[in-house]
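User: I would like a close look at one part of this model. Please keep the answer connected and brisk.

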Amino acid sequence: MRKYVFYMLFTTLCCFACKRHSGLNENNRGSEAFAFVLRDRIEDFISYVDSISPYKNKNEFFYVFFEEENDKMFVFVGTDFFYRKNKIKGYAFVNGRLVVYNGNDSDRKQNLVDTTKLIQFVDTIPGFWSDDTDIHMDYEVLRREFVIHGKDSLTLTNLGY
């Protein structure tokens with residue numbers, strides 16, 4: 001009888017440990033696609049937005065995209081409520097929040113996002129609105145702009161709405 005109780009207790013503990021571990025992965029699923037320096041900036045931005053955002057709406061998400069201007073590479077991180085189906089290259093979850101990758105508008109290679117590790121976009125992201133959703137609302141978005149100096153160095157150049 002003692003062995004039976006021991007085995008049941010052991011099995012129960014293993015099941016709880018596995019479930020807890022998988023929950024941690026779900027909150028950060030795909031986040032390994034972002035280089036450490038970019039993931040750190042995304043996490044800071046998520047914390048900042050959560051602290052000031054008047055929108056306690058579960059449909060608010062974050063986006064990342066790259067652009068080149070005057071021989072400088074920039075990465076933009078911002079908030080939105082509607083993802084653009086024609087721009088999305090993949091997505092991930094960072095600290096339980098959706099982060100959509102909208103691509104690189106430059107021909108220059110960047111080493112901050114490994115697109116093979118992102119969750120591949122098929123047709124929809126369950127629980128979030130796309131640009132073909134017919135919802136009318138007033139909202140403001142926040143955005144930060146960083147200059148890329150290397151794969152381990154970003155400098156904030158602009159923040160605001």
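Which residues have the most contacts inside the largest nonpolar core?

Analyst: This is a predicted model. Inside its largest nonpolar core, the residues with the most contacts are Phe34, Leu38, Ile42, Val64 and Phe66. The core counts 26 residues. At least two residues come from each of α2 (36-52), β1 (61-69), β2 (72-80), β4 (90-94), β5 (97-104) and β7 (143-150). The most come from α2, which supplies six.

Take Ile42 next. Leaving aside residues up to four places away in sequence, Ile42 touches Phe34, Val64, Val77, Val94 and Val99. Another core lies apart from this one. That second core has 16 residues, including Tyr83, Ile88, Tyr91 and Ile125. As a general rule, nonpolar side chains in soluble globular proteins tend to be buried together.

Now to β5, one of the strands that feed the largest core. Seven of its eight residues are buried, that is, under 20% relative accessible area. The strand is therefore largely enclosed by the rest of the structure.

Its pairings come next. β1 runs parallel to β5, and four bridges join the two. Here Tyr63 has Val100 of β5 as its bridge partner. β4 runs antiparallel to β5, with five bridges between them. Gly90 is bridged to Tyr101 of β5. β4 and β5 also make a hairpin, with two residues between the strands. In that turn, Asn95 has a positive phi of about 50°.

So β5 pairs with β1 in parallel and with β4 in antiparallel fashion, because bridges join it to each; it is also largely enclosed.

Technical notes
Residues numbered from 1 in each chain as written. Predicted model: local features only at pLDDT ≥ 70, side-chain atom pairs only at ≥ 80, totals over all residues. Heavy atoms only, no water. Core = buried A, V, L, I, M, F, W, Y, C linked by side-chain atoms within 4.5 Å. Buried < 20%, exposed > 50% of the residue type's maximum accessible area, 1.4 Å probe, protein only. Contact = heavy atoms within 4.5 Å. Pairing = 2+ DSSP bridges.
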